[in-house]
Amino acid sequence: MASIDLGKVLDKAWADKSVPEVLAAPVSALKGVSDRQGALLEEAFGIKTVADLADLKYVGWAQALAALDGAK
């Protein structure tokens, strides 16, 4: 079972929310992502929510490449 310290990855206002609420939140709910950066992600990739970001194929590709590199 996977676990994560939400306080370390979410903006303070979102740290006490449920996972479904966070997934539906704007990407600026992630710690370190500004509203402007969220707007740029939407403009570039159509990303509106944390779930959209998680589902972005380029993220998956980058994670797969990093895993391959780490397996050597």
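## Helices and the overall fold

A helix here is a DSSP run of H or I that covers at least four residues, and helices are numbered from the N terminus. With that in hand, Pro-20 can be placed in helix α2, which takes in residues 19-23. Please keep in mind as you look around that this is a predicted model.

The protein chain has five helices and zero strands. Followed along the sequence, the pattern reads α-α-α-α-α. The C-alpha trace spans about 40 × 30 × 20 Å along its principal axes.

## Surface, burial and charge

The protein chain has 72 residues, and 17% of them count as buried. About 5,400 Å² of the chain is exposed, with carbon and sulfur atoms supplying 60% of that area.

Turning to charge, the protein chain carries 8 positive and 10 negative charges, and the mean positions of these two sets lie 4 Å apart. As for contacts between residues with a separation of 6 or more, 19% are accounted for by residues 24 or more positions apart.

## A nonpolar patch and Phe-45

If you are scanning the surface, have a look at Phe-45, Tyr-58 and Trp-61, which make a nonpolar surface patch of about 350 Å². Phe-45 belongs to helix α3, which runs over residues 35-45.

Is Phe-45 buried, exposed or partly exposed? Its relative accessibility is 44%, so Phe-45 counts as partly exposed. The reasoning rests on the cut-offs: buried means under 20% relative accessible area and exposed means over 50%, with partly exposed in between.

## Leu-41 and its contacts

Helix α3 is also the place of Leu-41. With a relative accessible area of 22%, Leu-41 is partly exposed.

Which residues does Leu-41 touch, once its neighbours within four places in sequence are left aside? Leu-41 is then in contact with Val-27, Gly-46 and Ile-47. Leu-53 is another residue to view alongside Leu-41: the two sit twelve residues apart along the chain, and their C-alpha atoms are separated by 8.6 Å.

## Pro-20 and Ala-24

Back in helix α2, Pro-20 has a relative accessible area of 59% and is therefore exposed. Between Pro-20 and Ser-3 there are 15 Å in space, C-alpha to C-alpha, and the pair is 17 residues apart in sequence.

Where does Ala-24 lie? Ala-24 is in the loop between α2 and α3. Because its relative accessibility is 54%, Ala-24 counts as exposed. Along the chain, Ala-24 and Ala-51 are 27 residues apart, while their C-alpha atoms are separated by 6.4 Å.

Terms used. Residues are numbered from 1 along each chain as its sequence is written. This is a predicted model: local features need pLDDT of at least 70, side-chain atom pairs count only at pLDDT 80 or more; totals for chains, interfaces and linings use all residues. Side-chain values use heavy atoms; hydrogens and water are left out. Helices (H or I, at least four residues) and strands (E, at least two) are DSSP runs, numbered from the N terminus. Buried means under 20% relative accessible area, exposed over 50%, partly exposed in between (1.4 Å probe, protein chains only). Contact means heavy atoms within 4.5 Å. Accessible areas come from the Shrake-Rupley method with a 1.4 Å probe; for residues, only the protein chains shown count as cover. Lys and Arg count as positive and Asp and Glu as negative; His and the chain ends are not counted. The place of a charge is taken as NZ of Lys, CZ of Arg, CG of Asp or CD of Glu. Patches are made of residues with over 30% relative accessible area and no salt bridge: like charges are joined within 9 Å, nonpolar side chains (Val, Leu, Ile, Met, Phe, Trp, Tyr) within 5 Å. A salt bridge is a side-chain nitrogen of Lys or Arg within 4 Å of a carboxyl oxygen of Asp or Glu.
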